[in-house]
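Me: I would like to understand how the words used for a protein model follow from its values. Could we take them one at a time?

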Amino acid sequence: MRSEDTPFVGGPLDGRVLPVLVGPTGHPPKVYQVPVPGADGEPPTVLVYRRVAVQGGRRLVLHRGWKYEYDPDGGPVGPRWPWSKPAGPGRGPGTDSG
C-alpha cells in the first residue's frame with residue numbers, strides 16, 4: 001500500500017509529519033484516530049484528527065494536498081447521512097417543523 005507524508009496541526013501531534021496510508025482514490029482517511037494508552041490504571045483515550053485541504057497560493061486555488069487538524073471534541077466518527085436530522089442547539093422536543 002502507498003503512504004503519504006501528512007502534517008498534523010494542533011493537539012499533542014502538532015508540527016509532526018507522519019506517513020498515512022492512502023486509499024484506492026489516493027486520499028488519506030477523513031478521520032485519523034490515535035489511541036493513547038492510559039497511565040497507571042486510567043482508561044485509554046483516543047485523539048481525533050480531521051482531514052482538511054491545504055490551500056494553494058494567493059492567485060490560484062489549487063489543491064496542494066491534505067493536513068490533519070486536531071478535533072478536541074472528537075465528535076461522531078461514522079458517516080453522516082443526508083436524511084439525518086442535524087444535532088445541535090435548538091433541536092429539542094417541540095422544535096420540529098414537520
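What follows is a short exchange about this model, which is a predicted one.

Me: What makes the pattern of this chain β-β-β-β-β?

Reply: The chain holds five strands and zero helices, and reading along the sequence therefore gives β-β-β-β-β, with strands being runs of at least two residues.

Me: Why is Arg50 called partly exposed?

Reply: Arg50, which lies in strand 4, has a relative accessible area of 26%. Buried means under 20% and exposed means over 50%, so Arg50, at 26%, falls in between and is called partly exposed.

Me: How do you know that the side chains of Arg50 and Asp71 are joined by a polar contact?

Reply: The two side chains are joined at 2.9 Å, and a polar contact is a pair of N or O atoms within 3.5 Å, one able to donate a hydrogen and the other to accept it, so the value of 2.9 Å satisfies the distance limit. The C-alpha atoms of Arg50 and Tyr70, 20 residues apart along the chain, are separated by 6.5 Å.

Me: Why is Val54 called partly exposed?

Reply: Val54 is found in the loop between strand 4 (45–53) and strand 5 (66–70), and its relative accessible area is 27%. Because that value is neither under 20% nor over 50%, Val54 is partly exposed.

Me: What share of the residues in the chain is buried?

Reply: Buried residues, those under 20% relative accessible area, make up 16% of the 98 residues in the chain.

Note on methods
Residues are numbered from 1 along each chain as its sequence is written. This is a predicted model: local features need pLDDT of at least 70, side-chain atom pairs count only at pLDDT 80 or more; totals for chains, interfaces and linings use all residues. Side-chain values use heavy atoms; hydrogens and water are left out. Helices (H or I, at least four residues) and strands (E, at least two) are DSSP runs, numbered from the N terminus. Buried means under 20% relative accessible area, exposed over 50%, partly exposed in between (1.4 Å probe, protein chains only).
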